[in-house]
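Here is a short tutorial on reading a protein model. Keep the structure in view while the learner and the teacher talk.

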Amino acid sequence: MADDCLFCSVVAGEVPATRLREDDDTLVFADIDPQAPVHVLVIPKRHSRDIAELAADAADSAAVLRAVAAYVRDQGLTDYRVVFNTGAGVGQTVFHVHAHVLAGRPMTWPPG
Ligand code: 5GP
Ligand code: ZN
C-alpha cells in the first residue's frame with residue numbers, strides 16, 4: 001500500500017466504495033461521479049501509479065484486463081469504452097492506475 005493513496009485506502013476498506021467485483025488481485029468499484037449510466041473503475045490491488053508501472057508487472061497487467069473482461073461479460077455489455085487517463089495533463093487525478101469502464105450511452109470520438 002502506498003502512503004496517501006486514495007485507491008489503496010479503498011482496497012483496504014478504509015474509504016467506503018460500492019465494490020462490484022473482487023478477486024485476490026483486482027477490484028471493480030463504482031465511480032463516485034459517474035459520467036455514463038455504467039461507470040466503474042478497475043484497479044489492481046497492488047499499487048502502481050500508471051500504466052507504465054503496471055506494465056512492469058505482467059501478472060497484474062493481465063489481471064486488470066481479465067477483470068475488465070469479466071465485468072463486462074457478467075453485465076452483458078457488448079459496447080463499452082475503456083480509458084486509462086495517464087498524466088495530469090489529460091485528466092489523471094488519482095495516481096493509482098485505474099481503467100474507467102463506461103457504457104450505456106452513445107459516445108463521441110475523438111474524446112474531449
Ligand atoms: P482520473 O481522473 O484519475 O482518470 O479518475 C479518477 C476517478 O476517480 C474519477 O472518475 C473520480 O470520479 C473517481 N473518484 C475520485 N474519488 C473517488 C472516491 O473517493 N471514490 C470513488 N468510488 N471514486 C472516486
Ligand atoms: Zn494506491
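**Reading the fold**

The protein chain has three helices and five strands.

Q: What kind of model is this?
A: This is a predicted model. Every value below is computed from it.

Q: Which pattern does the protein chain follow along the sequence?
A: Read from the start, the order is α-β-β-β-α-α-β-β.

Q: How do I judge whether the protein chain is as compact as a globular protein of that length?
A: Compare the radius of gyration with the globule rule. Here the radius is 13 Å, close to the 13 Å that the rule gives for 112 residues, so the chain is as compact as a globular protein of that length. Along its principal axes, the C-alpha trace spans about 40 × 30 × 30 Å.

Q: What share of the residues is buried?
A: A residue counts as buried under 20% relative accessible area. In this chain, 37% of the 112 residues are buried.

Q: What do the contacts say about residues 24 or more positions apart?
A: Take the contacts with a separation of 6 or more. Residues 24 or more positions apart account for 49% of them.

Q: What does the chain expose, and which atoms supply it?
A: The exposed area is about 6600 Å². Carbon and sulfur atoms supply 54% of it.

Q: How are the charges placed?
A: Take the mean position of each sign. The chain has 9 positive and 15 negative charges, and their mean positions are 6 Å apart.

Q: How many aromatic pairs are there in the whole structure?
A: A search finds one. Look at the rings of Phe-7 and Phe-29, with centres 5.2 Å apart. Planes over 60 degrees apart count as edge-to-face. These planes are at 85°, so the pair is edge-to-face.

Q: Which parts does the pair tie together?
A: Phe-7 lies in helix H1 (residues 6-11), and Phe-29 lies in strand S2 (residues 26-30). The pair therefore ties together parts that are 22 residues apart in sequence.

Q: Are Phe-7 and Phe-29 buried or exposed?
A: Phe-7 is buried, at 7% relative accessibility. Phe-29 is buried too, with a relative accessible area of 4%.

Q: Where is the cis peptide bond?
A: Check omega. At about 0°, the bond that joins Trp-109 and Pro-110 is cis. Pro-110 sits in the segment after strand S5 (99-103).

Q: What is phi of Asp-4?
A: Phi is near 55°, a positive value in a residue other than glycine. Asp-4 is in the segment before H1. Its relative accessible area is 84%, so Asp-4 is exposed.

Technical notes. Residues numbered from 1 in each chain as written. Chains lettered and ligands numbered in written order. Predicted model: local features only at pLDDT ≥ 70, side-chain atom pairs only at ≥ 80, totals over all residues. Heavy atoms only, no water. Helix = DSSP H or I, 4+ residues; strand = E, 2+ residues; numbered from the N terminus. Rg over C-alpha atoms; globule rule 2.2 N^0.38 Å. Buried < 20%, exposed > 50% of the residue type's maximum accessible area, 1.4 Å probe, protein only. Contact = heavy atoms within 4.5 Å. Areas by Shrake-Rupley, 256 points an atom, 1.4 Å probe, with all protein chains shown as cover. Lys, Arg positive; Asp, Glu negative; His and termini not counted. Charge placed at Lys NZ, Arg CZ, Asp CG, Glu CD. Phe/Tyr/Trp six-rings, centres within 6.5 Å; stacked < 30°, edge-to-face > 60°.
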